[in-house]
Amino acid sequence: MSIFEVILWTSIALLYLWEGLKKYLKHFWLSKNVSYIPGPPMVGVIKNVLLNRTSFPEMFVSLYNHPKTRNDAVTGFYFFHKPCLLIRHPELIKRILVKDFSQFPNRRMASDPKSDPIGNYNLLVAKGDIWKAIRTNLTPIFTSHNLKNFFALISDICKDLEVKLAKEIPSGGSAEINVKELASLYTIETIASCAFGVIIKSFSNPNCDFIRNMNEVVRPSNFKRILEFGSCFFFPEFASAFKLRLLSKESEQFLRTTVLDVMKEREKSGSKRNDLIDALIGIKETFHADALVAQAALFLAAGYETSSSMLSFALYELAKHQDKQEKLRKELVDFSKSGKDMNYENLSNLEYLKMVFQETLRMYPSLSFLERICQPTAGSETYSLAPFHDFCVPKGMPVYVPIVGIQRDPNFFPDPYCFRPERYTVTADHPIDPRVLLGFGQGPRSCIGSRFGMLQVKMALATILSKYRVSFCSKTPQDIAFDKKAVLMFPEKPLIITFRRFNDDQ
């Protein structure tokens with residue numbers, strides 16, 4: 001047989017194998033009467049993300065709105081080799097995240113516990129009793145009493161923010177500013193101060209070791225790290241075999257050294273701040289050192305990236321919608337004229353500021369999806385979706401909630417791509433179903449630091465908009481596209497907008 005014939009028959013065999021595998025995968029779902037979104041075998045629906053054609057948020061929007069399945073409560077698909085279930089119905093989502101949480105207690109994502117203990121044991125990834133113990137011990141950090149203490153610390157950082165902007169923009173002048181960079185400096189300073197009692201002076205020293213290392217933690221810079229990070233989300237079954245890591249060795253060493261040194265200094269001084277470090281010291285006899293560092297790593301990484309993105313998206317939308325910006329500024333000016341002090345309670349009572357935050361969180365949730373693993377209780381091997389569907393989810397199957405698709409669904413949010421904070425007024429024409437507000441998650445695994453994140457963003461907005469008008473410039477993207485290499489919702493292009501400072505006598 002000639003080489004040509006060998007190549008020909010091998011190609012034909014591979015083609016038959018490929019087509020047979022496609023039919024088998026499709027049959028798995030159709031035999032169970034579940035609609036199916038196809039994708040190449042061994043790759044699945046993530047193909048265009050791997051080819052750098054689309055971003056994770058765009059992928060989940062397209063899955064949610066797939067023309068042949070968008071009216072179905074659930075839909076089957078594949079991430080690589082793994083059959084997964086997309087959940088669309090609001091009540092079914094609530095059941096899985098809240099009512100039946102005990103049957104979906106864990107996230108799918110994982111890293112290798114031996115080579116990456118800090119990545120594997122943080123609150124986001126931890127599973128079962130370990131997660132429960134960590135959550136219980138960290139929850140008291142975010143009481144109203146502690147948030148009031150954090151307000152005072154963030155107020156000092158907001159004064160530093162004012163000083164930075166005043167140096168760059170004279171009275172009555174203007175400047176073009178990358179709001180993502182500005183927001184990142186602000187949020188890393190607030191987290192370092194409130195969580196660790198560390199002052200890093202980010203506004204005057206934006207290239208310090210702390211910030212440089214944190215950028216590498218949240219935004220891996222090389223292809224190998226990006227692939228490995230994504231695999232922890234969508235290929236976790238192979239975490240141990242391939243020694244997958246959420247964090248690089250360099251990032252791990254930076255976090256371990258930083259956190260343990262701060263803990264040692266705090267214990268030595270005997271001071272108390274009711275912050276993350278105090279909480280970690282309180283449980284250090286219960287958990288090993290890397291488990292403690294893991295919680296600090298999550299607090300830093302998640303709070304840094306999510307809050308800075310939220311703040312920059314809010315400023316972008318307010319620059320785009322001048323009428324909304326003026327309405328918010330009027331609320332801030334009216335409060336200033338009232339003679340009341342700006343404190344935690346009064347900030348919480350600024351209704352339009354709260355609506356601006358809620359609308360930003362709707363349009364730009366930090367995570368574009370939620371995922372859980374089915375773990376039926378009481379010895380069962382499946383979880384029934386009745387009355388929404390007759391399919392029973394088998395033990396170990398991942399289920400996905402496409403947050404960004406749901407929160408941009410016109411059935412739940414009329415004109416969903418329009419920034420409309422007024423949606424959240426009591427008298428709004430279209431009352432909002434609380435089941436589809438998923439920006440912070442829902443149920444026992446909802447975001448533990450949601451109120452802290454809201455505090456960060458609202459205080460920065462109040463600080464900036466009381467003295468500056470923001471608007472588009474020639475460098476501002478007319479629409480936001482998302483970074484195709486990032487799992488989080490991160491803008492692909494710099495968000496550069498004009499800051500115009502009011503005259504000092506205004």
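Biologist: Hi! Which residues have the most contacts inside the largest nonpolar core?

Modeller: F79, Y186, F196, M214 and F499, in a core of 129 residues. A nonpolar core here is a set of buried Ala, Val, Leu, Ile, Met, Phe, Trp, Tyr and Cys residues joined through side-chain atoms within 4.5 Å, and buried means under 20% relative accessible area with a 1.4 Å probe, protein chains only. Bear in mind that this is a predicted model, where local features need pLDDT of at least 70, side-chain atom pairs count only at pLDDT 80 or more, and totals for chains, interfaces and linings use all residues. Residues are numbered from 1 along each chain as its sequence is written, and side-chain values use heavy atoms, with hydrogens and water left out.

Biologist: Cool. Which helix gives the most to this core?

Modeller: Helix 13 (residues 289–320), with 18 residues. Helices are DSSP runs of H or I, at least four residues, and strands are E runs of at least two, numbered from the N terminus.

Biologist: And what is Y186 in contact with?

Modeller: Leaving aside neighbours within four places in sequence, Y186 is in contact (heavy atoms within 4.5 Å) with I154, I157, C158, L161, F203, L311, Q456, M459 and A460.

Biologist: New topic: strand 7. Which residues of strand 7 are buried on each side?

Modeller: P398 and Y400 on one side, V399 and V401 on the other.

Biologist: What stands opposite Y400?

Modeller: L86 does, and so does E371. Strand 2 (residues 82–87) runs parallel to strand 7, with two bridges, while strand 4 (residues 370–373) pairs with strand 7 in the antiparallel sense over four bridges. Pairing takes at least two DSSP bridges.

Definitions and conventions:
Buried < 20%, exposed > 50% of the residue type's maximum accessible area, 1.4 Å probe, protein only.
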